[in-house]
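Me: I should like to take a close look at a single part of this protein, namely its largest pocket. Please describe the pocket and then relate its surroundings to the rest of the fold.

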Amino acid sequence: AWGNPNFGGDCSGVQERLRNVQQVAATICAFAAILQNGSVVTWGDPDFGGDSSAVQQQLVNVEHIQATDKAFAAILANGSVITWGDRKHGGDSSAVQGRLR
């Protein structure tokens, strides 16, 4: 990554994990990368989805990631959806989680 660190331009904290990247998605200030093994690496501003630690254990067999301006949604191989980031921008799907399968 390159550019302004305040907008996700610094991935040095996760650089060693960024191998065999299949897809990258971005919010305004964060990035999420799907690796070949279906796991996800995130970096950037935590308020914009740059910290996926709260859902990291659920981010397995990820096939696709979609982003809003401040949140991410990952579609898993089993068809379920995991979200993280700003709650007001789609980062909290708990109210509809039962319908996202």
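Reply: In this predicted model, 15 residues line the largest pocket, and those lying nearest its centre are Ala54, Val55, Gln58, Ile82 and Thr83. The space inside the pocket amounts to about 190 Å³. By character, the lining consists of eight polar, five nonpolar and two charged residues.

Two of the residues just named, Ile82 and Thr83, have numbers that fall within strand β6, which covers 81-85. This strand belongs to an open sheet of three strands, arranged in the order β4-β5-β6 with antiparallel pairing. Strand β6 and strand β4 (62-67) are the edge strands, each of which pairs on one side only. Neighbouring strands of the sheet are turned against each other by 20 degrees on average, if direction is ignored.

On the other side of the sheet order, β4 and β5 (residues 71-76) run antiparallel and are joined by five bridges. Within this pair, Gln66 stands opposite Ala73 of β5.

The sheet also contributes to the interior. The largest nonpolar core comprises 16 residues, and Val40, Leu59, Val62, Ile65, Phe72 and Trp84 have the most contacts inside it. At least two residues of this core come from each of β2 (30-35), β4, β5 and β6. A second core, separate from this one, has seven residues, among them Cys11, Val14, Leu18 and Leu35.

Strand β6 thus links the parts of this description: its range of 81-85 takes in Ile82 and Thr83 from the pocket, and the strand supplies at least two residues of the largest core.

How values were computed: Residues numbered from 1 in each chain as written. Predicted model: local features only at pLDDT ≥ 70, side-chain atom pairs only at ≥ 80, totals over all residues. Heavy atoms only, no water. 1 Å grid on protein atoms, 1.4 Å probe; cavity = no way out; pocket = protein on both sides within 12 Å on 5 of 7 lines; lining within 4 Å. Points joined across faces, edges and corners; volume = space filled by probe spheres on them. Nonpolar A, V, L, I, M, F, W, Y, C, P; charged D, E, K, R; others polar. Pairing = 2+ DSSP bridges. Helix = DSSP H or I, 4+ residues; strand = E, 2+ residues; numbered from the N terminus. Axes fitted to C-alpha atoms, helices over the stretch in contact; angles between N-to-C directions. Core = buried A, V, L, I, M, F, W, Y, C linked by side-chain atoms within 4.5 Å. Buried < 20%, exposed > 50% of the residue type's maximum accessible area, 1.4 Å probe, protein only.
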